[in-house]
Amino acid sequence: MVEKLTHNNFLDMDKKTNNLKTKIIGKKIYYFDKIQSTNLYAKQLIDEKIEDGTVVIADVQTGGRGRKNRTWLSPSGGLWFSVILYPDISPRRGMVITMAASISVSKAIKEVTGLKTEIKWPNDILIKNKKVCGILTELNADLNKINYTIVGIGLNVNNKIDKQLNEIAISLKQVVGSDVSRDKLFKSILKNFDINYFRLKNNDFKYIKKTWLTYSNIIGKKVKIIEEKNVTEGVVKDIDDNGYIILKTISGKKRVLNGDVLYL
Ligand code: BTN
């Protein structure tokens with residue numbers, strides 16, 4: 001349940017986002033000072049049949065969630081938001097939505113801070129080998145149709161990084177040395193995501209994959225992929241247009257869609 005629905009423009013974005021000129025993403029934005037999880041709230045909006053591209057953003061999440069039900073610490077200063085999408089693509093292409101989101105965030109970081117990022121498959125964005133952004137895509141689909149997706153984006157901007165995470169996580173502020181504008185970043189992410197979402201809707205998966213690969217150095221790497229019930233070792237041969245990793249293993253070629261990657 002949503003904890004407290006204070007409706008406040010903490011980002012002072014209302015007027016600015018009206019000038020976004022995006023086609024779909026960010027036409028409607030829900031702002032909260034504090035919420036349990038923007039993904040959770042987005043799910044409630046979907047139940048009320050909210051429109052494509054609606055965004056939910058909060059300054060603080062009290063119960064932010066990461067992949068595999070992990071906790072996602074979300075103190076004030078970061079960008080914690082979810083985008084509701086109804087892409088008319090096959091469910092087997094679901095991963096491409098996350099790829100479109102990660103290239104959009106990466107481009108926005110570059111535009112606003114000049115910093116180069118690396119994407120770690122499937123959905124982590126790294127700077128100096130530490131995680132600056134995580135993406136949690138929740139997908140609801142029937143056999144042939146995606147009913148909805150919620151793309152939850154957590155970007156460490158000016159927020160403090162918890163001591164326990166110092167070895168693996170980083171904020172943009174730590175790298176730049178001063179506060180980074182959340183307004184500018186948010187706006188740039190939404191603009192870029194809007195363009196890439198349009199590409200996705202037009203089945204231009206090749207562009208998304210090609211761009212994604214420019215941020216990744218996974219091809220040719222020896223890796224171990226840890227899935228819920230499987231651990232696979234091999235050399236990454238390619239990423240296919242659906243976002244699957246194509247691994248060369250000792251028992252032949254294997255496609256993997258989920259899991260945590262360890263570089264060997
Ligand atoms: C990961 O595990 O790397 C994904 C983290 C995703 C966090 C974001 S923050 C906004 C949205 N709301 C959530 O509860 N989670 C996502």
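1. Let's start with I125, which sits in strand 5, the stretch covering residues 124-127. Bear in mind that this is a predicted model. I125 has a relative accessible area of 0%, so it is buried.

2. What surrounds I125 once its neighbours within four places in sequence are set aside? I125 is then in contact with S102, V105, S106, T117, E118, K130, K131, V132 and C133. You may also like to look at I103: it is 22 residues from I125 in sequence, and the two are 9.2 Å apart in space, C-alpha to C-alpha.

3. Next, a residue from helix 3. K110 belongs to this helix, which spans residues 94-113. Is K110 buried or partly exposed? Its relative accessibility is 44%, and because partly exposed covers values between 20% and 50%, K110 counts as partly exposed. For a longer-range reference, K110 and K23 are 87 residues apart along the chain, with 22 Å separating their C-alpha atoms.

4. Now to a helix pair that is worth displaying together. Helix 5 (residues 182-201) packs with helix 6 (residues 205-214) at an angle of about 135°, and their axes are 7 Å apart. That angle makes helix 5 oblique to helix 6.

5. Which residues meet where these two helices pack? From helix 5 come N196, R199 and L200, and they meet F205, Y207 and I208 of helix 6. By type, the residues of this contact between helix 5 and helix 6 are four nonpolar, one polar and one charged.

How values were computed: Residues numbered from 1 in each chain as written. Predicted model: local features only at pLDDT ≥ 70, side-chain atom pairs only at ≥ 80, totals over all residues. Heavy atoms only, no water. Helix = DSSP H or I, 4+ residues; strand = E, 2+ residues; numbered from the N terminus. Buried < 20%, exposed > 50% of the residue type's maximum accessible area, 1.4 Å probe, protein only. Contact = heavy atoms within 4.5 Å. Axes fitted to C-alpha atoms, helices over the stretch in contact; angles between N-to-C directions. Parallel < 35°, antiparallel > 145°, perpendicular 65-115°, else oblique. Nonpolar A, V, L, I, M, F, W, Y, C, P; charged D, E, K, R; others polar.
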